[in-house]
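Let's practise reading a protein model step by step. Have a look at the picture, then try each exercise before you read its solution.

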Amino acid sequence: MSILDKFSLHGQRALVTGASQGIGLACAQALAEAGAHVILTSRDTTLLQKVAADFAARGHSAEWHALDVTDSAATLALAERLGPLDVVVANAGIARSGEAAESVADEVVQDVMNTNFYGVLYTARAFGAQMLTAGKGSIVAIGSISGDISNRPQNQSYYNASKAAVHHLVRSMGAEWAGRGVRVNAVAPGYIETQMTKYAMVDDPVMAAKWMELTPMARAGQPDEIASIVVFLASQAASYMTGSVVTADGGYTCW
């Protein structure tokens with residue numbers, strides 16, 4: 001197999017959660033360009049339909065399904081409907097910050113953990129079970145540099161904890177499933193220009209300036225820069241990688 005062939009996903013079926021915008025959408029587009037049939041999922045069915053129409057117009061093979069990853073039963077039901085997949089990208093997540101650890105409301109913590117951690121767990125468990133039966137598959141989760149550092153300057157202990165849980169889940173599942181043909185890896189992005197970071201990138205220029213000051217590359221990343229790493233981890237080019245968390249942050253965590 002040539003090196004270019006190793007990056008190809010031709011003939012494979014790849015599901016992406018939170019695929020209606022941001023990093024998830026970029027991942028879906030990159031997977032489609034690599035040759036995969038892409039299964040788009042999100043809670044926002046209006047956006048999903050628009051994305052699916054755009055994929056069709058570009059000649060990409062895709063379908064869409066509504067999915068709330070915090071609903072374990074619904075995730076399992078979709079997995080059973082779709083059957084074994086080759087690639088799953090557990091991207092769906094939410095950002096919450098600004099509240100101090102001593103006063104953050106229970107419902108905020110629960111909301112963050114339900115989506116960012118349990119959503120990844122439910123997704124990996126439901127679709128991974130069928131991969132294990134088939135003896136092959138690749139799962140890629142979207143973590144965050146906030147899972148490895150106490151990010152700054154904003155208060156977000158609960159968000160950091162949710163992403164740290166994702167990273168350790170990936171490392172643990174990667175080790176547990178390594179001998180059964182299923183690889184589990186993650187990407188830990190730094191500050192990426194998406195709707196999720198708009199609250200600071202646009203609405204809080206002081207915060208945005210601080211982030212860029214702390215980033216050696218002095219710029220925010222773009223969703224497609226994360227998507228290219230996801231395609232690599234999903235493909236046979238990363239066949240000896242499992243339980244890995246790949247950092248892509250413009251050097252933010254190098255200081």
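Three short exercises follow, each with a worked solution.

This is a predicted model: local features need pLDDT of at least 70, side-chain atom pairs count only at pLDDT 80 or more, and totals for chains, interfaces and linings use all residues. Residues are numbered from 1 along each chain as its sequence is written, and side-chain values use heavy atoms, leaving out hydrogens and water.

**Exercise 1.** Find how many helices and strands the protein chain has, and judge how compact the chain is.

Solution. Start by counting: there are nine helices and seven strands (DSSP runs, numbered from the N terminus; helices are H or I with at least four residues, strands E with at least two). Next, take the radius of gyration, 17 Å (over C-alpha atoms). The globule rule (2.2 Å times the number of residues to the power 0.38) gives 18 Å for 255 residues, so the protein chain is as compact as a globular protein of that length.

**Exercise 2.** Decide whether strand S6 is enclosed or open.

Solution. First, locate S6 at residues 182-189. Eight of its eight residues are buried (under 20% relative accessible area, 1.4 Å probe, protein chains only). Then check each face: Val182, Val184, Ala186 and Ala188 are buried on one side, and Arg183, Asn185, Val187 and Pro189 on the other. S6 is therefore largely enclosed by the rest of the structure.

**Exercise 3.** Work out how strand S5 is joined to S6.

Solution. Place S5 at residues 137-142. Six bridges join S5 to S6, and the two strands run parallel. To see one pairing, pick Ala141: its bridge partner in S6 is Ala186.

Methods
Buried < 20%, exposed > 50% of the residue type's maximum accessible area, 1.4 Å probe, protein only. Pairing = 2+ DSSP bridges.
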